[in-house]
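Visitor: Could you take me slowly through one part of this structure, the pairing of oppositely charged side chains? I would like to see where such pairs sit and what surrounds them.

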Amino acid sequence: MSPVDPSFAVSSLRRQGRLLRYAKPHWRAIVLLSTTMLIDIALDLARPWPLKFVIDNVLGHRATPTLVKSVLPGSATPHGLLLWAAIGTVLIFLLGTASSTFYNYFSLRIGQRMVFDLATDLFAHLQRLSLIFHSRRPLGDTIERVTSDSYCVSTLVTDALIPAVQALVMLGVMFVVMWSLEPTLTLVALGVLPFLVVVIRFLAAPIKERARESRDYEGKLASVVEQTLGAVPAVQAFTREKIEEARFRHYADRTVVAYLRSTLAGIWFEVFSGVVTTVGTAAIIYLGADLALRGKLTTGTIIVFLSYLSSLYDPLDSITSTTQTISGAAAEADRVMEILETEPEITDRPGAVEAKMDGSIHYEHVTFGYEPGRPVLRDVSLEANRGDVIAIVGQTGAGKTTLANLLVRFYDPWEGRITVGGTDIRDFRYKSLRRQIGLVLQDPFIFPMTIRDNIAYGRPDAAEEQIVAAAKDANAHEFIIRLPEGYDSLVGERGATLSGGEKQRLSIARAFLKDAPVLILDEPTSALDARTESQLLEALERLMEGRITFIIAHRLSTTRRATQIIVLHHGEMIERGTHDELVERGGAYAELYSRQSYIRETAAKVITGTEPVAGIAGGG
């Protein structure tokens, strides 16, 4: 086992120190905890003295100290002092119990509030991070960092920092008291400190490494659960249950092994620190008894000293245990701070203003990619004016969705710029920009809440009549009022209780209610049958009126109304024009349109029985 690397330790401590800011709002409660801590120290100091009086003054027939006689009535006699010793024992116990209860309550209260303050900040920060960041991380692991690793702040403050301060104060007080009783034995008792420092130095780092390993595997395990349960229809359709179970068991076994390694590292830590303090206790027992045999100490004094020795070693054990606790919490803190220290890629420039989407939109020589050296869009330029419908077509992976996402500032271009009315959109506050762009996506993202709340997701303050009007414009009102609770009907996770067409109509109603001047339609009908598509196209026609609209089109049936069609191929714009112009030109668009027309005509013949099924395969 190697000692702690200094740079590693400094970095880890700096991260943990940043988390301590979550304790600042709770300083009053922390003061109360500190007061309770001082009371506990005083009670620890008082706890052995009733027994000392019984042994030395009641049974040993020594004279009762003058101070005790002046404070406690009747304590001058053996029976009176015995009674006071019994009463003192009970009072110390009751006060200790009350103090402990008070401490545990406020410790839990402070700890939980700090945890959820940190979790809230972590959750908020995750929402500010780019889509690229989220696309590269397993969702289950990210959830674990928010819901589980955020407990590290409670561990650091209430389970480590406060107990460590208490232990240091106790250590100082006990040293003073024990020194006044017997200096030689006190020096021997403190002789264990160098050995404890060695234990901490060599064993703390492995504990943190093992704890981090176990937390990482827990995150992977959560990701397996999230991925599998999020795709249950596919899992069941392809009978993958056993395979997914085996995948879960694989990570579960690794998690168990990691936990065992972490626990074993902690056990070794406790064993070595326990051996050190036990050897120290044995040395004190031997030397103390030797002093008593030579008449230099009374029996009661030895008992008090041994009791204080326990109170001296308890804080030492607490400090070493705190080191172990901090090492475990540091692993969680690192996982939390990895998120909080990730800078959002999309931020407001200094002096950014509210977005005004009342001018034409220009893409000026835009180049962008997700990985360095691998551009997805190359030198793309286009213009869109109010009332224009810009259709973006091309094969899968051509960069169609990326082109639209740049307008919403999900990403920023590597080169070139996008302007609205001549202003670079990076000079707008990005939230105000997004508030003025409506989205209707292929996956409509329906939330497990009421129909009303789903429609009003972009405008939660919308009035009832506005929500109903938006639903009617989207051709959704009729199916909504047929639901058992109408607009108050709850939908399942990701809209599982609705059909594909119904979910898409809610998405269109959401866009109607937002009433944004710019609209992006990302293949909104590609997953629907022809009949449902025709019903939705009517609603989309109304939605596009008077707006700048970008349609990412897979089915070219949605491009006929476009004032301009952009054809992308491997991120480059290879054609532009109207539908008729591009068909007449006979280029890539014409070929794609001809292929889709042939497939539709062949499918129609198969359905009507005028063409054998094999004709589809033969024409493919």
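**Salt bridges in the chain**

Guide: In this predicted model, a network of salt bridges links Arg 137, Asp 141, Arg 145, Asp 149, Arg 335 and Glu 338. In general, side chains of opposite charge can pair when their charged atoms come close.

Within that network, consider Asp 149 and Arg 335, whose side chains form a salt bridge with a nitrogen-to-oxygen distance of 2.4 Å. This pair connects distant parts of the chain, since Asp 149 lies in the loop between helix 7 (139-147) and helix 8 (152-181), while Arg 335 belongs to helix 13 (residues 299-340), 186 residues apart. Both Asp 149 and Arg 335 are buried.

A second pair, Glu 244 and Arg 247, also makes a salt bridge, and here the closest N and O atoms are 3.0 Å apart. These two residues both lie in helix 12 (residues 241-293), and because they are 3 residues apart there, about one helical turn separates them. Glu 244 has 12% relative accessibility and therefore counts as buried, the cut-off being under 20%, whereas Arg 247, at 30%, counts as partly exposed.

Another salt bridge joins the side chains of Arg 426 and Asp 424, at 3.1 Å from N to O, and Arg 426 and Asp 424 are both buried. The pairs described here are among the 17 salt bridges that the structure holds.

Notes. Residues are numbered from 1 along each chain as its sequence is written. This is a predicted model: local features need pLDDT of at least 70, side-chain atom pairs count only at pLDDT 80 or more; totals for chains, interfaces and linings use all residues. Side-chain values use heavy atoms; hydrogens and water are left out. A salt bridge is a side-chain nitrogen of Lys or Arg within 4 Å of a carboxyl oxygen of Asp or Glu. Helices (H or I, at least four residues) and strands (E, at least two) are DSSP runs, numbered from the N terminus. Buried means under 20% relative accessible area, exposed over 50%, partly exposed in between (1.4 Å probe, protein chains only).
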